[in-house]
Amino acid sequence: MTEKDYNDCVRQYADNVFRFIVKNLRQEDNARDIVQSSFEKLWINRAQVESEKSKSYLFTIAYRLMIDFLRKNNKMSLVQDFEQDKRTTYQPDKQLKKVLDDALQRLSEIQRSLVLLKDYEGYSYEEIGRITNLSDSQVKVYLHRARLAMREYLVGVHYVL
């Protein structure tokens, strides 16, 4: 990978990687750090990375850094979720986004990552398998279970008017 290829990669994929990480972490500062570290690792290993595979390599690095971060900082507290002000006004677009975000956050880390990689980023099962170190069949099973869990949450009684 040349310097020009690297710069093209930054322009093309920085927003996608950031969006993927921030959707999982829900913390912009930490997501920025992970994205920066991912691009740093890509730069360090640019001689070994083919420019055609840079997107997959970048998402793999970002995913692994995110998992390491989550394992290190597994001090998630439910208190923060309950402290949020529950008074809302009806805003259809914002409400739908919040409901979908809530449904995503109810999934396990791996399920959430798979849904984001497949449905938000458009990766194939094979590419997701390479990124997450799972077989194609594991990706399909976990993704199916994640979608079932999301559907169950989204069609729950509390969302019926």
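**Helix packing, core and one residue**

The axes of helix 1 (residues 3-25) and helix 2 (residues 28-44) come within 9 Å of each other and cross at roughly 150°. This is a predicted model, in which local features need pLDDT of at least 70 and side-chain atom pairs count only at pLDDT 80 or more, while totals for chains, interfaces and linings use all residues. Residues are numbered from 1 along each chain as its sequence is written, and side-chain values use heavy atoms, without hydrogens and water. Axes are lines fitted to C-alpha atoms, for helices over the stretch in contact, with angles from 0 to 180 degrees between N-to-C directions. Helices are DSSP runs (H or I, at least four residues), numbered from the N terminus.

Angles over 145 degrees count as roughly antiparallel, and helix 1 and helix 2 are therefore roughly antiparallel to each other. The contact (heavy atoms within 4.5 Å) involves, among others, Tyr13, Val17 and Ile21 of helix 1 and Ile34, Phe39 and Leu42 of helix 2.

Val17, Ile21 and Leu42 also appear, with Met66, as the residues with the most contacts inside the largest nonpolar core, which has 41 residues. Such a core is a set of buried Ala, Val, Leu, Ile, Met, Phe, Trp, Tyr and Cys residues joined through side-chain atoms within 4.5 Å; buried means under 20% relative accessible area, exposed over 50%, and partly exposed in between (1.4 Å probe, protein chains only). Helix 3 gives the most to this core, with 10 residues.

Gln105 lies in helix 5 and, at 24% relative accessibility, counts as partly exposed. Beyond its neighbours within four places in sequence, Gln105 is in contact with Lys23, Asn24, Arg26 and Arg112.

Key:
Helix = DSSP H or I, 4+ residues; strand = E, 2+ residues; numbered from the N terminus. Parallel < 35°, antiparallel > 145°, perpendicular 65-115°, else oblique.
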